[in-house]
Amino acid sequence: MLQSGMFATLKLLPVYLTLGPLAGLLWIPYTLIVQDIALLYRVAMWIANAGVRAAGIRIEVTGLEHVPVGRACIFMSNHVSNLDPPVELPVLPGRSSVMLKNELMSIPILGRAMRMGDFIPVERGGKRDAAQASVLAAGKALAKGLNILVYPEGTRSKDGRLQAFKKGPFYLAMETGAPIVPIAISGTEAMMRKGSWAIIPGTARVELLPVIEPSQFATREELLRAVREEIAEALPEEMRPLD
């Protein structure tokens with residue numbers, strides 16, 4: 001199993017390590033000239049999707065009809081694998097920014113492309129000023145019409161079960177009034193486990209759930225609880241939280 005897993009990884013990596021830098025060298029200068037990132041974003045999503053498919057990962061998507069038309073929204077997903085972003089981002093409609101750990105922004109070429117795409121760095125450690133800066137940047141991205149993909153658990157689950165949620169994303173939702181589209185992703189927890197680079201081919205299931213409007217809740221704690229319960233209910237039994 002480990003040998004076949006490393007074989008799948010070796011099929012994914014050449015796609016990202018070859019096409020990624022090439023796309024950056026070609027399309028970042030073009031984007032700077034035309035001041036429009038739409039083409040670079042489409043190319044990046046094509047590469048992300050090509051990589052996971054090269055590794056033998058099939059993607060099943062349901063619930064796209066729940067995404068509001070004409071309104072920037074916040075996609076909130078459970079997080080079980082490093083495969084989650086390249087699986088989810090290409091299948092989400094429109095253009096999405098992502099709240100991600102700050103260290104990723106220092107990757108050559110990729111980091112520059114993510115900054116151009118209004119991706120939002122988040123510092124770990126609970127520093128209040130840094131958290132407020134991230135929420136402010138996310139609010140600006142929403143105001144520009146971008147969707148936001150966020151993993152409210154803050155990090156990948158070790159055992160695949162849904163973890164506790166951080167409050168920051170819900171402060172963002174309450175402040176902006178942006179609709180929340182909960183997402184339940186499953187399958188990736190068995191494909192690439194935390195702490196391993198081996199990829200086991202299989203099917204990733206991405207289920208977009210009905211919109212939750214922040215304006216219908218009196219506090220962010222109530223909103224957090226409602227979103228977490230929706231995601232938990234949509235997950236397979238073995239991925240639901242024990243609390």
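Let's start with the contacts of Leu12. Setting aside neighbours within four places in sequence, Leu12 touches Gly51, Val52, Ala55, Leu83 and Ile199. Keep in mind that this is a predicted model.

Where does Leu12 sit? Leu12 is part of helix H1, which covers residues 2-34. Is Leu12 buried or exposed? Its relative accessibility is 7%, and the cut-off for buried is under 20%, so Leu12 counts as buried.

Stay on helix H1 and look at Leu17. Leu17 belongs to H1 too. Its relative accessibility is 62%, so Leu17 counts as exposed. Leu17 also helps to form a surface patch. Leu10, Leu13 and Leu17 make a nonpolar patch of about 300 Å².

Now move along to Gln35. Gln35 is in the loop between H1 and helix H2, residues 38-54. From Leu12 to Gln35 is 23 residues along the chain. How many Å separate their C-alpha atoms? The separation is 31 Å. At 66% relative accessibility, Gln35 is classed as exposed. Look at its backbone as well. Gln35 is not a glycine, yet its phi is positive, at about 55°. For context, most residues other than glycine have a negative phi.

Next, the strands. Take S3, residues 96-101. Why is S3 described as largely enclosed by the rest of the structure? Because five of its six residues are buried.

Which strands pair with S3? One is S5, residues 147-150. S3 and S5 run parallel and are joined by three bridges. Ser96 has Asn147 as its bridge partner in S5. The other is S4, residues 120-122. S3 and S4 are also parallel, with three bridges between them. In that pairing, Leu100 stands opposite Pro121 of S4. How does the chain get from S3 to S4? It passes through helix H4, residues 110-116. This is a β-α-β crossover, and it is right-handed.

One more stop on that route: Asp118. Asp118 lies in the loop between H4 and S4. Here is another positive phi, about 65°, and Asp118 is not a glycine. Is Asp118 buried, partly exposed or exposed? Its relative accessible area is 24%, so Asp118 is partly exposed.

To recap. On H1, Leu12 is buried, while Leu17 is exposed. Strand S3 has parallel partners in S5 and S4. And two loop residues show a positive phi: Gln35 and Asp118.

Conventions. Residues are numbered from 1 along each chain as its sequence is written. This is a predicted model: local features need pLDDT of at least 70, side-chain atom pairs count only at pLDDT 80 or more; totals for chains, interfaces and linings use all residues. Side-chain values use heavy atoms; hydrogens and water are left out. Helices (H or I, at least four residues) and strands (E, at least two) are DSSP runs, numbered from the N terminus. Buried means under 20% relative accessible area, exposed over 50%, partly exposed in between (1.4 Å probe, protein chains only). Contact means heavy atoms within 4.5 Å. Patches are made of residues with over 30% relative accessible area and no salt bridge: like charges are joined within 9 Å, nonpolar side chains (Val, Leu, Ile, Met, Phe, Trp, Tyr) within 5 Å. Accessible areas come from the Shrake-Rupley method with a 1.4 Å probe; for residues, only the protein chains shown count as cover. A salt bridge is a side-chain nitrogen of Lys or Arg within 4 Å of a carboxyl oxygen of Asp or Glu. Two strands pair if DSSP finds at least two bridges between them. A crossover is right-handed if, with the strands pointing away from the viewer, the path from the first strand over the helix to the second runs clockwise.
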